Amino acid sequence: MKADIVWTASEAARATGGNGPGGWQATGLSSDSRKIALGDLYVAIKGPRYDGHEFVAEALQRGAVAALVSSRPSSIPENAPLLVVKDTIAALSRLARTARRRSEAKIIAITGSVGKSGTKEALRHTLSAQGQTHASPASFNNHLGVRLSLAAMPAATTFGVYEIGMNHRHEITPLARLVRPNVAVVTAIAPVHLAHFRSVSEIAEAKAEIFSGVELGGSAVINRDTPFFDHLAGACDRHRIERIISFGTHEQAQIRLLEEVPGTDHSIVTADVDGQRIRYRVGAPGRHWVINSLAVLAAALGVGADPRGAANRLDSLPLLPGRGVFHRINLPEGGFTLIDDSYNANPESMKAAFAVLENVSFGDSGRLIAVLGDMLELGASSGELHAALAKPLRQAKVDRVYTTGTHMLDLHDALPPAMRGGHAARAEDLLPLIRGTIRDGDVVLVKGSFGSRMGQIVTALAALGRERPAGSAGNG
């Protein structure tokens, strides 16, 4: 399928006030010269560690049709397709605002302590069957990623889905006001980024900033099970949002879970969706995915899509790399199941991952093994929160726990001796302890914050045998 033209040279020049040769047409945007797709407009950003202007030539060689720059690099010919502006981030903001203004798309913005990316991807997948859908790539949820995502939205889009993250107060407000959602979703409130907040209630207050950008007549989607529901509802009132669509297990939830039947790689869900009883299959395991699916149906209802149609698409959820993807690793004698949840971690997503691990079927001689890296940005509560993971690990009947990192040492010490597989300061030092212990029938979960570098453990374990996909699950 031919990609939509997002910007012509003349349209981009008008939107940004920039100057440069015309004639080009862009089908996307990127600020990373290494990830340029054919037809992209490359946006050169000056950052604290690099200057994107140094990579303009590389971006053009890789297929960028033009580059948005604040000055022409000396190595670039004068007739090169450059759009020269005073400030590239300011110009990117203008492109984003213009893209939002010219489109009649119904826009969904998503934030929350857990479940953002998974819910965003599920909405991309489900809504795409009901209209042209544009969504944030990967986890483009910061001040730059949101602008790039919005600026890349084609004018003909029917549904737009944008993830908005934060780790400090007042980061969400400007992004929410840029995106101007018709529906704002708060998936959950949990003890994440406590290094920058004094309490979970402060996190709730920061997440509530998303309501500041909701369009007149728009809706808020809120988890009814969170103890901060009244706090979030109060923020909606302050921002004159009259319609709240709640979801969860609470008897007052508008999208309410009635029954769930868990499986190894899926869940069967029965829910009351605004008075309709809907039964559907979620193609990923875990209670967290059941709750995420309710948020998806609530958001679909909020933008006027068909919730039943969205529910029918949840059976074929896309794989999310590093977010609970299952792999079957074949060994010379038998094999083992590897669950790659290495992209990120916090106390709530750790518990959700342990619950998934507990329900995976394994061989007669197999064991449940968890390989865990540090959960980062938890502040003064870090030691306590890491040690507290011992209880859900015991409840999940995990046989061996391998840990790496400064903070995971607190968990290692809190575990019963029989569960301690080993501890190492760095992920690479943990590998020799794990490699020789994997046997036929084992199920191995690898999880940690991105900075813990748990991905290299996944790569090493996958290399033990020939791999074939075996499903997915994730918690954004």
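**Helix packing and selected loop residues**

Helix 3 makes a handy starting point: with 15 residues (88–102) at 1.5 Å a residue, this helix should span 21 Å, and its end C-alpha atoms do sit 21 Å apart, so expectation and model agree. The model is a predicted one. Much of the helix is tucked away from solvent, with Thr 88, Ala 91, Leu 92, Ser 93, Leu 95, Ala 96, Thr 98, Ala 99 and Arg 100 buried. At the start of helix 3, Asp 87 places a side-chain oxygen within 2.9 Å of the backbone nitrogen of Ile 89.

Helix 3 also has a packing partner in helix 1 (residues 9–16). The axes of these two helices are 8 Å apart and cross at about 110°. An angle of 65 to 115 degrees counts as roughly perpendicular, and helix 1 and helix 3 are therefore described that way. On the helix 1 side, the contact is made by Glu 11, Ala 12, Ala 15 and Thr 16; on the helix 3 side, by Ala 91, Arg 94, Leu 95, Thr 98 and Arg 102. Sorted by class, this contact has four nonpolar, two polar and three charged residues. Three of the helix 3 residues named here, Ala 91, Leu 95 and Thr 98, also appear among the buried ones.

A second helix pair is arranged along other lines. Helix 5 (residues 143–151) and helix 6 (residues 172–179) pack at about 5°, and their axes lie 10 Å apart. Helix 5 is thus roughly parallel to helix 6, since angles under 35 degrees fall in that class. His 143, Val 146, Arg 147 and Leu 150 from helix 5 come up against Leu 175, Leu 178 and Val 179 from helix 6. By class, five nonpolar residues, one polar and one charged make up the contact between helix 5 and helix 6.

The loop that leads into helix 5 from strand 8 (133–135) holds Ser 136. With a relative accessibility of 0%, Ser 136 counts as buried. Its side chain reaches the backbone nitrogen of Glu 163 at 3.2 Å. Setting aside residues up to four places away in sequence, Ser 136 touches Lys 120, Glu 121, Arg 124, Ser 149, Val 161, Tyr 162 and Glu 163. Glu 163 therefore turns up both as a residue touched by Ser 136 and, through its backbone nitrogen, as the partner at 3.2 Å, with contact here meaning heavy atoms within 4.5 Å.

His 125 sits in helix 4 (residues 116–127). At 15% relative accessible area, His 125 is buried, as the cut-off for that label is under 20%. A polar atom of the His 125 side chain lies 2.8 Å from the backbone oxygen of Ser 316. Beyond neighbours within four places in sequence, the contacts of His 125 are Arg 313, Ser 316, Leu 317 and Pro 318.

Two further buried residues are found in loops. Gly 52 belongs to the loop joining strand 4 (40–43) and helix 2 (56–61), and its relative accessible area of 1% makes it buried. Outside the four places on either side in sequence, Gly 52 is in contact with Tyr 42, Ala 44 and Ile 45. Gly 52 and Asp 32 are 20 residues apart along the chain, with 7.9 Å between their C-alpha atoms.

Asn 346 is in the loop between strand 17 (335–341) and helix 11 (347–358). A relative accessible area of 9% puts Asn 346 in the buried class. The Asn 346 side chain reaches the backbone nitrogen of Glu 348 at 3.1 Å. Again leaving out neighbours within four places in sequence, Asn 346 is in contact with Ser 113, Val 114, Val 192 and Met 375. The C-alpha atoms of Asn 346 and Ala 460 are 23 Å apart, and the two residues are separated by 114 residues along the chain.

Finally, two arginines deserve a word for their backbone. Most residues other than glycine have a negative phi. Arg 240, however, has a positive phi near 60°. Arg 240 falls in the loop between helix 8 (229–238) and strand 12 (243–248) and, at 74% relative accessibility, counts as exposed. Arg 453 likewise has a positive phi near 60°, and its place is the loop between strand 21 (443–447) and helix 16 (455–462).

Notes: Residues numbered from 1 in each chain as written. Predicted model: local features only at pLDDT ≥ 70, side-chain atom pairs only at ≥ 80, totals over all residues. Heavy atoms only, no water. Helix = DSSP H or I, 4+ residues; strand = E, 2+ residues; numbered from the N terminus. Expected span 1.5 Å × (residues − 1). Buried < 20%, exposed > 50% of the residue type's maximum accessible area, 1.4 Å probe, protein only. Polar contact = N/O pair within 3.5 Å; in protein donor to acceptor, adjacent residues only side chain to side chain. Axes fitted to C-alpha atoms, helices over the stretch in contact; angles between N-to-C directions. Parallel < 35°, antiparallel > 145°, perpendicular 65-115°, else oblique. Nonpolar A, V, L, I, M, F, W, Y, C, P; charged D, E, K, R; others polar.
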